Amino acid sequence: LEGKTSPTQMHIISFPMDERIPFCEYFILPYFFWFVYMIVTGAYFFLTNRRDFYRYCLFLFTGMSVSLFICQLWPNGLALRPDLSTIGRDNIFVRMVNYLYTIDTPTNVCPSIHVINSIGATVAILKSESLMSHKGIRIGSFITCIAICASTLFLKQHSCFDVICACGLCIGLYILAYNPKFERIEATVQDEKELWSEA
């Protein structure tokens, strides 16, 4: 979707708080760590608990699909990125941000998939029965989620509006993925599999 919408067709998103959040290149670390966080969380549940894995996938895939659908109906973008050549410093983190800016255009940003998936991974970890006794992992996951969500703002990759919309969407995704009916449907499918195997 990125790069296929002309500026005249795009709705530029702005929010009063955006201008009060300073640019901080060090947040590139949690921003890029998002990829590791998603893969490790998915791999863990795939190998240890398929029920949690299915819920994790349902949350993420539905969230990303809804986000892309919204962007198709309402093309949007940002005009928040600073000119990195004028910020008065040059370090490895600034260069990493510059690389990010070259590969990821500030278009079709609302709601933020970075935020949706981070919340989805954290919810999956917090709701997992197998991780209930691992307090360090649960706290670390929550802190990681906050850091990733904050990074989208401090790197000017997203507006506060994008984050708010993503959080609102996550409420619906949580109800969908962690609805008690999901367990009943899963139990019914499992019972039918056992009946077929016995037959």
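Reader: How many residues does helix α5 have, and how far does α5 reach?
Author: Helix α5 (a DSSP run of H or I, at least four residues, numbered from the N terminus) covers residues 135-154, which is 20 residues. From first C-alpha to last, α5 reaches 28 Å, close to the 28 Å expected at 1.5 Å a residue; that expectation is 1.5 Å times one less than the number of residues. This is a predicted model, where local features need pLDDT of at least 70, side-chain atom pairs count only at pLDDT 80 or more, and totals for chains, interfaces and linings use all residues. Residues are numbered from 1 along each chain as its sequence is written, and side-chain values use heavy atoms, without hydrogens and water.

Reader: What covers the buried residues of α5?
Author: The cover includes α1 (28-48), α4 (113-127) and α6 (160-177). Buried means under 20% relative accessible area, exposed over 50%, partly exposed in between, with a 1.4 Å probe and protein chains only. I148 and L153 are among the buried residues of α5.

Reader: And just after α5?
Author: K156 takes a positive phi of about 65° there.

Reader: Switching to Y174: where is Y174 found?
Author: In helix α6.

Reader: Why does Y174 count as partly exposed?
Author: Because its relative accessibility is 33%.

Reader: What does Y174 touch?
Author: Leaving out residues up to four places away in sequence, Y174 touches F59, V123, K127 and N179, contact being heavy atoms within 4.5 Å.

Reader: How far apart are the C-alpha atoms of Y174 and F59?
Author: They are separated by 7.0 Å, with the two residues 115 apart along the chain.

Key: Helix = DSSP H or I, 4+ residues; strand = E, 2+ residues; numbered from the N terminus.
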